[in-house]
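I opened this model today to look up a few helix contacts and what lies around them. Here are my notes, in the order I took them.

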Amino acid sequence: MFNFKEIVSVTLILFSVIDILGSLPVIVDFRRKLGKIESEKATLAAGFIMVLFLFLGERLLSLFGVDVASFAIAGAIILFLLGMEMILGRNIFKHDNLDVGVASIVPIAFPLIAGAATMTTLLSLRSAYQIENILVGILLNLFFVYLVLKSSTWLERKLGQGGTDILRKVFGIILLAIAIKLFKANLSM
């Protein structure tokens, strides 16, 4: 049964893990490089990944012989490299001749929105909350993700070049810190 308190808890937990506002500099950077981001495609892909992982995550990983900790460490490495790109202003990932539709899924939908941290959080939430409340929390977060993706051009204009550059560096450092935290937390498992 739907429980308002659980929905709010799940929504806030996922909001902090997804950190779409913190990812805004990455989104703006990709939009600059590619011309545009397909917001609908990225949001739907991220939603599909999250719901699929909610129901099949542990089984899917065990099918490949991968535990949750190893998966989280792999995601942490990708986040680390994205953070390095943001701070150093260098391209680590090749962006030439990249299709906008593909870039909307990789790296925007996965691993930026529905990355290792989100997926491992979903597995944890499943053990503590009702599925229907988790699904509502996912939907509410996806709605907010869509709004941020759709308004990234407007947000960039409001921030200006200097504001965007400052945000990019600051959130690059935050992304590095999140990556290191994910790495450390799952290395000892």
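**Entry 1: helix 3 and helix 6.** I started with the axes of helix 3 (residues 39-63) and helix 6 (residues 116-128), which come within 9 Å and cross at roughly 60 degrees. That angle makes helix 3 oblique to helix 6. I also checked the hand of this crossing, and it is right-handed. A reminder to myself: this is a predicted model, and local features need pLDDT of at least 70.

Next I listed who meets whom. Helix 3 brings I49, M50, F53, L54, F55, G57 and E58, while helix 6 answers with T118, M119, L122, L123 and R126. Sorted by character, the residues of this contact come out as eight nonpolar, two polar and two charged.

**Entry 2: I49.** I picked one residue from that list to follow further. I49 is found in helix 3. Setting aside neighbours within four places in sequence, I found I49 in contact with F110, A114 and M119. For one of these, A114, I looked up the spacing: the C-alpha atoms of I49 and A114 are 6.6 Å apart, with the two positions 65 residues apart in sequence terms.

**Entry 3: helix 6 and helix 7.** I then turned to the other pairing of helix 6 on my list. The axes of helix 6 and helix 7 come within 9 Å and cross at roughly 145 degrees. This crossing is right-handed. L122, L125 and R126 of helix 6 make the contact with I131, I134 and I138 of helix 7. I sorted these residues too, and got five nonpolar, no polar and one charged.

L122 had turned up in the contact with helix 3 and in the one with helix 7, which made me look up its partners. Beyond its neighbours within four places in sequence, L122 is in contact with L14, M50, L54, I134 and I138.

**Entry 4: the core.** Which residues touch the most other members of the largest nonpolar core? I found M50, I108, I113, L122 and I138, in a core of 47 residues. The elements giving two or more residues to this core are helix 1 (4-18), helix 2 (24-34), helix 3, helix 4 (68-88), helix 5 (100-113), helix 6, helix 7 (131-150) and helix 8 (152-187). Helix 3 supplies the largest share, eight residues. A general point I keep in mind here: in soluble globular proteins, nonpolar side chains tend to be buried together.

**Entry 5: helix 2.** Nine of the eleven residues of helix 2 are buried, so this helix is largely enclosed by the rest of the structure. I noted the buried ones as L24, P25, V26, I27, V28, D29, F30, R31 and L34. Just after helix 2, G35 takes a positive phi of about 95 degrees.

**Entry 6: S39 and F80.** Buried or partly exposed? I asked this of two residues. S39 lies in helix 3 and is buried, with a relative accessible area of 3%. Not counting residues up to four places away in sequence, S39 touches Y146, L149 and K150.

F80 lies in helix 4 and counts as partly exposed, at 31% relative accessibility. With the same sequence neighbours left out, F80 touches L176, A179 and I180. I also looked up F80 and G172: they are 92 residues apart along the chain, and their C-alpha atoms are separated by 8.7 Å.

Technical notes:
Residues are numbered from 1 along each chain as its sequence is written. This is a predicted model: local features need pLDDT of at least 70, side-chain atom pairs count only at pLDDT 80 or more; totals for chains, interfaces and linings use all residues. Side-chain values use heavy atoms; hydrogens and water are left out. Axes are lines fitted to C-alpha atoms, for helices over the stretch in contact, and angles run from 0 to 180 degrees between N-to-C directions. Helices (H or I, at least four residues) and strands (E, at least two) are DSSP runs, numbered from the N terminus. Angles under 35 degrees count as roughly parallel, over 145 as roughly antiparallel, 65 to 115 as roughly perpendicular and the rest as oblique. A crossing is left-handed if the near helix is turned anticlockwise from the far one by less than a right angle, and right-handed if clockwise. Contact means heavy atoms within 4.5 Å. Ala, Val, Leu, Ile, Met, Phe, Trp, Tyr, Cys and Pro count as nonpolar, Asp, Glu, Lys and Arg as charged, and the others, Gly among them, as polar. A nonpolar core is a set of buried Ala, Val, Leu, Ile, Met, Phe, Trp, Tyr and Cys residues joined through side-chain atoms within 4.5 Å. Buried means under 20% relative accessible area, exposed over 50%, partly exposed in between (1.4 Å probe, protein chains only).
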